[in-house]
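Visitor: I am new to this structure, and I would like to learn how to read its features one at a time.

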Amino acid sequence: MGALVGAYVVVWLAVVLYVARLGAEQQRLARRLTAIELAVADAEGRQPRAGSIDR
Amino acid sequence: MDGHAKNRFPTAALAAALAGALVAGLMATAILAIFLLAPTEETMGDVQRILYVHVAAAWCGLASFLVAAAGGALYLVRRDLGWDHWAQAAGELSWLGCGLTLVTGSLWARAAWGVWWTWDPRLTSTFVLWTIASAYLFVRSGVEDPHRRARAGAVLAVLGALDVPLVVVAARWFRGVHPAAPEMDPRMRLVLLVSVVAFSALFATLVAHRRGLLRLQARLDAWEAAADQRQAAQGGATPPRPDPLQRRHHHEKELPWVRS
């Protein structure tokens, strides 16, 4: 029974950790995107448009 | 993700939410089927239920590696980094799938054969594939230029994919302890199918999401490189490129070459 529990814990822990890593990466890119958009808008002397940079 | 970013990508966020809900439903169904529908195996007892995640993880690991190799081959033919993004995303998931196959298989082996590991042909070929996937990620992480990185990764993935059919046939062609295609109760077969479908959906969603992030990252890199070139063309001193290892922290603060 210990092996069964161990196998499922390992699988789900690995999946959760990978999803968490993707989430952290997504947040980092979103912050980077916002920084670029604000910097470009600042250089052009305008307000950043919502949705002006799309994936 | 913060609210600003959510508003920026409503369609993508909706699609991701729907895919996530679908995958969560499939995985919940698979878990319930594994523990409630599948009969308990007579000889091994409940430990046999490891099979349902072990086989599913193995299938996803092998399929992901083939996707990585296909993405790499398409990159070599077309020189389009978009294919390399698919390859890298699938390569990461292949490493995860093969790793989980080895770990769950080891737990199974301890219960069934009394050993954590044996150099059985299928175990060995799977370990080789996991090692190739590790090398694939390691090589990629050491090359800065995107096209050189894609080329090196593609060659490694295409060559490494030769091990995939070996993993599949190893238990049939060579004598070993790993079962090739054991007889199963129809309910066990159904539960295994459900589990494989659920894991496939999970891995496919993760590959697609990771590929989206890689594409976004490439676009951000390209915009910043263009800003560098604009700055240089205007006669201003090009600011020093950030250290790749510190890149994530650098960009979160400010972008002086864009600002000026």
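Guide: What follows is a short conversation about helices, their packing and one loop residue. This is a predicted model, in which local features need pLDDT of at least 70 and side-chain atom pairs count only at pLDDT 80 or more, while totals for chains, interfaces and linings use all residues. Residues are numbered from 1 along each chain as its sequence is written, and chains are lettered from A and ligands numbered from 1 in the order in which they are written.

Visitor: How many helices and strands are there in chain A?

Guide: Helices (H or I, at least four residues) and strands (E, at least two) are DSSP runs, numbered from the N terminus. Chain A has one helix and zero strands.

Visitor: What span should helix H1 of chain A have?

Guide: The expected span is 1.5 Å times one less than the number of residues. For the 43 residues of H1(A), residues 2-44, that gives 63 Å, and the end C-alpha atoms lie 62 Å apart, which agrees. Just after H1(A), Gly45(A) takes a positive phi of about 70 degrees.

Visitor: Is Thr118(B) buried, exposed or partly exposed?

Guide: A residue is buried if 20 or more other C-beta atoms, placed from the backbone, lie within 10 Å of its own, exposed if 12 or fewer, and partly exposed in between. Thr118(B), found in the loop between helix H4 (81-112) and helix H5 (121-141) of chain B, counts as partly exposed because it has 14 such neighbours. By the burial rule, 16% of the 55 residues of chain A count as buried.
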